[in-house]
Amino acid sequence: MTDASKKLYNTNSPVFAVAPMLDWTDRHCRAFHRVLSKSSLLYTEMVTTGALIHGDRDRHLNFSKDEQPVACQLGGSDPKALADCAKMVEDWGYDEVNLNVGCPSDRVQSGKFGACLMLEPDLVADCIAAMKDVVSIPVTTKCRIGVDDQDPEEALNALADKVIAAGTDALWVHARKAWLKGLSPKENRDVPPLDYELVYRLKERLPEVFIGVNGGIATLEETIRHLEKLDGVMMGRAAYQNPMLLADVDRVVYGQGRSAITPAQAMDVYRSYIEDELTKGTKLASITRHILGTYQGVPGARHFRRIMTVDANRQDAGIEVLEDALAAVSHHQNLARQAREQKQAELA
């Protein structure tokens with residue numbers, strides 16, 4: 001068990017996590033998020049048991065130790081396969097293994113995992129127990145509050161009681177139902193109403209159990225309000241689309257004294273990671289697609305995104321594309337500063 005694993009879910013300190021997001025939270029994304037926050041818990045994309053057992057394990061599991069604390073989320077419903085994969089995850093050096101009981105896509109429905117497992121709490125409990133039997137790192141569960149016509153209170157309580165009895169170390173709750181029929185995966189992230197109060201009631205009923213919340217959380221102010229009643233907050237799209245939110249997590253959530261890193265400082269640090277990956281043959285766009293929101297709300301942000309979106313996709317794109325994008329931001333920041341100074345001079 002890693003040092004980070006020992007600290008997770010075993011103290012009175014809150015946990016702030018960046019949610020596992022398919023096609024988004026790959027190793028390049030996590031490397032950038034770690035530049036911004038040293039203490040946030042980072043998650044992989046969901047990886048299926050089949051992909052690990054029959055596919056390219058290096059591609060799915062490789063990560064840098066600099067990313068820690070980092071958790072791997074598994075998708076599956078066969079206890080033995082999940083146990084085998086949980087052991088792989090631990091051997092690879094991850095700090096946590098998490099079972100997905102919340103993804104609503106057509107793919108997970110056909111494979112009998114993800115959100116459809118809300119209908120089978122006994123099976124989920126068997127999966128958690130099998131994973132707990134073979135690893136020493138935390139085994140956690142991420143679920144919805146129900147699917148389709150389930151009563152959310154009954155469904156969430158039933159699943160929670162089963163996985164807690166099976167030994168789950170934490171329960172992360174996406175506070176929306178998932179509609180397996182009638183809504184697309186994208187619609188399932190927005191359309192079903194959020195019910196944070198249900199998650200609060202679960203925590204009140206189970207005060208000794210780590211309960212964290214996910215879904216629709218967009219600011220650190222909201223995060224702090226949730227942490228007044230819960231043990232953890234998991235932020236998804238807001239953290240990805242406006243990553244500089246993460247720069248304040250260590251101070252606001254964890255009470256650490258370090259100053260928030262600036263976008264320019266973050267780019268300076270991440271640049272070395274980009275250059276290292278380029279020497280390994282990684283395409284620039286694969287690395288830098290995760291930094292497009294870095295300058296959100298800053299003069300030059302639109303030009304930064306355009307350069308990093310268009311020019312980074314060239315076959316021969318190198319570090320000079322990032323330099324051009326940063327130069328564009330600097331130019332527009334200078335123009336904005338000059339305009340402010342001129343206006344102040346006119347008012348004087």
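In this predicted model, the loop between β5 (139-143) and α8 (152-166) is where D148 is found. D148 is not a glycine, yet its phi is positive, at about 50 degrees. With a relative accessibility of 16%, D148 counts as buried, because the limit for that label is under 20%. A second aspartate offers a helpful companion case. D23, which lies in the loop between β1 (15-18) and α2, also has a positive phi, near 70 degrees, in a residue other than glycine. D23 is exposed, however, with a relative accessible area of 54%.

Another backbone feature of a loop involves a proline. Q68 and P69 are joined by a cis peptide bond, with omega at about 5 degrees. P69 has its place in the loop between α4 (57-61) and β3.

From here the description turns to strand β3 itself. Strand β3 spans residues 70-75, and 6 of its 6 residues are buried, so the strand is largely enclosed by the rest of the structure. The residues of β3 point in two directions: V70, C72 and L74 go one way, while A71, Q73 and G75 go the other way, and all are buried. What are the strands that pair with β3? One of them is β2 (residues 41-48), which runs parallel to β3 and is joined to it by 5 bridges. Within the pairing of these strands, T48 stands opposite G75 of β3. Strand β4 (residues 96-101) also pairs with β3 in the parallel sense, here over 4 bridges. In this pairing A71 stands opposite E96 of β4. Between β3 and β4 the chain crosses through helix α5 (residues 79-92), forming a β-α-β crossover that is right-handed.

The cysteines can be considered next. A disulfide is a covalent bond between the sulfur atoms of two cysteines. How many disulfides does a search of the whole structure find? The search finds 0. Two cysteines help to show why. For C85, the closest cysteine sulfur is that of C72, and the 8.7 Å between the two sulfurs is too far for a bond. C85 counts as buried, at 0% relative accessibility. For C116, the closest cysteine sulfur belongs to C103, at 9.5 Å, which is again too far for a bond. C116 is buried as well, with a relative accessible area of 11%.

The aromatic side chains complete the picture. A search of the whole structure finds 7 aromatic pairs. One of them is formed by F32 and Y270, whose rings are tilted, with 5.0 Å from centre to centre and 50 degrees between the planes. This pair links distant parts of the chain, since F32 belongs to helix α2 (residues 27-36) and Y270 to helix α13 (residues 263-279), 238 residues apart. Are these two partners buried or exposed? F32 is buried, at a relative accessible area of 0%, and Y270 counts as buried too, at 1% relative accessibility. Elsewhere among the aromatic residues, ring pairs link Y9, W172 and F210 into a cluster.

Notes
Residues are numbered from 1 along each chain as its sequence is written. This is a predicted model: local features need pLDDT of at least 70, side-chain atom pairs count only at pLDDT 80 or more; totals for chains, interfaces and linings use all residues. Side-chain values use heavy atoms; hydrogens and water are left out. Rings of Phe, Tyr and Trp (its six-membered ring) pair if their centres lie within 6.5 Å; planes under 30 degrees apart count as stacked, over 60 as edge-to-face and the rest as tilted. Buried means under 20% relative accessible area, exposed over 50%, partly exposed in between (1.4 Å probe, protein chains only). Two strands pair if DSSP finds at least two bridges between them. A crossover is right-handed if, with the strands pointing away from the viewer, the path from the first strand over the helix to the second runs clockwise. A disulfide is a pair of cysteine sulfur atoms within 2.5 Å.
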